[in-house]
Amino acid sequence: MVESGSPLRRDAERNRQLLLRTAYDLMASAGLDVSYEEIARAAGTGMGTVYRRFPHRRDLLDALFSEHIDRVIDLAEQAARHDDAWTGLTWFLERQLEIEAESRGLGELLRGRNQATALVQRAHERMTPLVAGLIARAVRAGQLPPGATPADFAAVHVMVGGVMDASRASAPHLWRRALRIALAGLRHADLSGDPPDEAVIDHLYNDKKN
């Protein structure tokens, strides 16, 4: 039996941390499509090492991004405690997008590109009622038009995220302008008619194919 403090265990943990740092750096700049081969090459390890540590890609993604997703959930909880609903909503969405701007991979994960993991699904399940409460408060306060829903904010998130991804190299701050435009449009939009079904949020985040 190998003791927990043995050189073998320490080497295995160092290898794991090296792979995580390497994968995160690569995905921060290139997105989720980074392959295991690219990670192994950049880390200076064999492919077998990557697969031993992370047999399934979802294992790697959860290890890479669970802490960051917890941070986003914490932001949503802080926003829900804000005295002014509209300020809380806009503050949360901007902070979330700032985190996504730091890591293309995290942004793609949160916006459902190719890889919808159970971790992300749980995050959306926790954030959606918080955002819904803020929206309801903002509608009652006259800060949003009647009929505004969490699906509308999900659409803003996905749209502005798309601008972020498209302009990441050429105009990395353009998404901030796009966010202001989108929020101003939502705040003054005519949202009469039937609201979108709650399932629209799942479709926005989980049904995109690229």
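## Close-up views around helices H5, H7 and H8

**View 1. Trp 86, a buried residue of helix H5.** With a relative accessible area of 11%, Trp 86 is buried, and the reader should keep in mind that this value, like the others in these legends, comes from a predicted model. Trp 86 lies in helix H5, and this residue is among those of H5 that make the contact with helix H7.

**View 2. The crossing of helices H5 and H7.** Helix H5 spans residues 85-102 and helix H7 spans residues 118-140, and their axes come within 8 Å of each other while crossing at roughly 140°. Because angles over 145 degrees would be needed for a roughly antiparallel arrangement, H5 and H7 are described as oblique to each other. The crossing of these two helices is left-handed. On the H5 side the contact is made by Ala 85, Trp 86, Gly 88, Leu 89 and Phe 92, and on the H7 side by Met 127, Val 131, Leu 134, Ile 135, Arg 137 and Ala 138. Sorted by class, the residues in this contact of H5 with H7 are nine nonpolar, one polar and one charged.

**View 3. Ile 135 and its surroundings.** Ile 135 belongs to helix H7, and with a relative accessibility of 2%, under the 20% limit, this residue counts as buried. Although Ile 135 and Trp 86 are 49 residues apart in sequence, their C-alpha atoms are 7.6 Å apart in space. When residues up to four places away in sequence are left out, Ile 135 touches Leu 89, Leu 144, Ala 148, Thr 149, Pro 150 and Phe 153.

**View 4. Thr 149 in the loop between H7 and H8.** Thr 149 is found in the loop that runs between H7 and helix H8, the latter covering residues 150-167. At 12% relative accessibility, Thr 149 also counts as buried. Leaving aside residues up to four places away in sequence, Thr 149 touches Ile 135, the residue shown in the previous view, together with Pro 195 and Pro 196.

**View 5. The aromatic pair of Trp 86 and Phe 153.** The model holds three aromatic pairs, and one of them is formed by Trp 86 and Phe 153, whose rings are 6.4 Å apart centre to centre, with 70° between the planes, an edge-to-face arrangement. Trp 86 lies in helix H5 and Phe 153 in helix H8, so this pair ties together parts that are 67 residues apart in sequence. Phe 153 counts as buried at 6% relative accessibility, and Phe 153 is also one of the residues touched by Ile 135.

Note on methods
Residues numbered from 1 in each chain as written. Predicted model: local features only at pLDDT ≥ 70, side-chain atom pairs only at ≥ 80, totals over all residues. Heavy atoms only, no water. Axes fitted to C-alpha atoms, helices over the stretch in contact; angles between N-to-C directions. Helix = DSSP H or I, 4+ residues; strand = E, 2+ residues; numbered from the N terminus. Parallel < 35°, antiparallel > 145°, perpendicular 65-115°, else oblique. Left-handed = near helix turned anticlockwise from the far one by under 90°. Contact = heavy atoms within 4.5 Å. Nonpolar A, V, L, I, M, F, W, Y, C, P; charged D, E, K, R; others polar. Buried < 20%, exposed > 50% of the residue type's maximum accessible area, 1.4 Å probe, protein only. Phe/Tyr/Trp six-rings, centres within 6.5 Å; stacked < 30°, edge-to-face > 60°.
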